[in-house]
Amino acid sequence: MKFVIFAVVAAVAVAAPQYQLPETSYGAPAASSRSVFPESVEVVPILRDDRVQDDNGRYNFDVETGNGITFSQSGSPDGPDGAVVKAGKYSYTAPDGTFVEVKFVADENGFQPQSDLLPVAPEFPHPIPQFVLDQIAFAAEEDAAAARGELSAGVRAASSSPSQTYGVPQ
């Protein structure tokens, strides 16, 4: 029985396809060609891979590849409850030829990337239109008058519940 199991396992191992990667450099395939065969994989050399890990949890690493990708990061357990605070940068050339560089910090406030290529939200507060400021002032005057009891009964009744009829526009 053991011989039969061994023979079946050996037959499956021999029948498995054997792939060998070519001796070229690696380039990430485009999204539309992810199902390509291993023969088309390009191997990119790692030019630099420097890593330092201290006993106290601090670390640094720098990686550079043959196709221009660089990644540097350092971290230390200086965050709340010993959480690791990280800072670094990475850069590469986009498919359209644009040089991309992103600097980042990751700490108790989350991941905070900085790059000229990232979209920027408009400054806040944005200018408030005058008609909105006028309406806010008018509502404040009405609230103050109601607190002083200066509003008539009809105005108070109208402001306490929605109108059930429509009047002529003024």
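This is a short talk on one protein chain, its sheet and its aromatic side chains.

Good morning. A caveat to start with: this is a predicted model. Everything I quote is computed from it.

Let me begin with the whole chain. It has 170 residues, and 11% of them count as buried. The accessible surface is about 14000 Å², with 60% of that area on carbon and sulfur atoms. Now the contacts. Take those in the chain with a separation of 6 or more: residues 24 or more positions apart account for 5% of them.

Next, the elements. We have three helices and six strands. Reading from the N terminus, the order is α-β-β-β-β-β-β-α-α.

On to the sheet. How are the six strands ordered? They form an open sheet, β1-β2-β3-β4-β5-β6, with antiparallel pairing. Which strands stand at the edges? Those are β1, residues 46-53, and β6, residues 110-114. Each has a single partner strand, so one side of each has no neighbour in the sheet. From one strand to the next, the twist averages 10 degrees. As a reminder, strands of a sheet pair through backbone hydrogen bonds, either parallel or antiparallel.

Look at the edge strand β1 more closely. Its partner β2 covers residues 59-65, and the two pair in the antiparallel sense over seven bridges. You can trace the register in the model. I46 has T65 of β2 as its bridge partner. D49 stands opposite V63, again in β2. Between the two strands of this hairpin there are five residues, and G57 takes a positive phi near 100 degrees. How many of the eight residues of β1 are buried? The count is zero, and the strand is hardly covered.

Now the aromatics. The count of aromatic pairs is six. Y59 and F61 make one that is stacked, at 6.2 Å centre to centre and 15 degrees between the planes. Are these two residues buried or exposed? Y59 has 13% relative accessibility, so Y59 counts as buried. F61 is buried too, at 15%.

A further pair is F71 with Y90. This one is edge-to-face, with 6.2 Å between the centres and 65 degrees between the planes. Where do the two rings sit? F71 belongs to strand β3, residues 70-76, and Y90 to strand β4, residues 85-93. They are 19 residues apart, so the pair links distant parts of the chain. What about cover here? At 27% relative accessibility, F71 counts as partly exposed. Y90 is partly exposed as well, with a relative accessible area of 28%.

Put these rings together. Y59, F61, F71, Y90, F104 and F111 form one aromatic cluster. There is also a charge to note at F61. R51 lies over the face of that ring, 5.4 Å from its centre.

To recap. The strands make an open, antiparallel sheet of six. β1 is an edge strand, and none of its eight residues is buried. Six aromatic residues, from Y59 to F111, form one cluster, and R51 lies over the face of F61. That is my summary of the model. Thank you.

Key:
Residues are numbered from 1 along each chain as its sequence is written. This is a predicted model: local features need pLDDT of at least 70, side-chain atom pairs count only at pLDDT 80 or more; totals for chains, interfaces and linings use all residues. Side-chain values use heavy atoms; hydrogens and water are left out. Helices (H or I, at least four residues) and strands (E, at least two) are DSSP runs, numbered from the N terminus. Buried means under 20% relative accessible area, exposed over 50%, partly exposed in between (1.4 Å probe, protein chains only). Contact means heavy atoms within 4.5 Å. Accessible areas come from the Shrake-Rupley method with a 1.4 Å probe; for residues, only the protein chains shown count as cover. Rings of Phe, Tyr and Trp (its six-membered ring) pair if their centres lie within 6.5 Å; planes under 30 degrees apart count as stacked, over 60 as edge-to-face and the rest as tilted. A charge sits over a ring if NZ of Lys or CZ of Arg is within 6 Å of the ring centre and within 35 degrees of the ring normal. Two strands pair if DSSP finds at least two bridges between them. Axes are lines fitted to C-alpha atoms, for helices over the stretch in contact, and angles run from 0 to 180 degrees between N-to-C directions.
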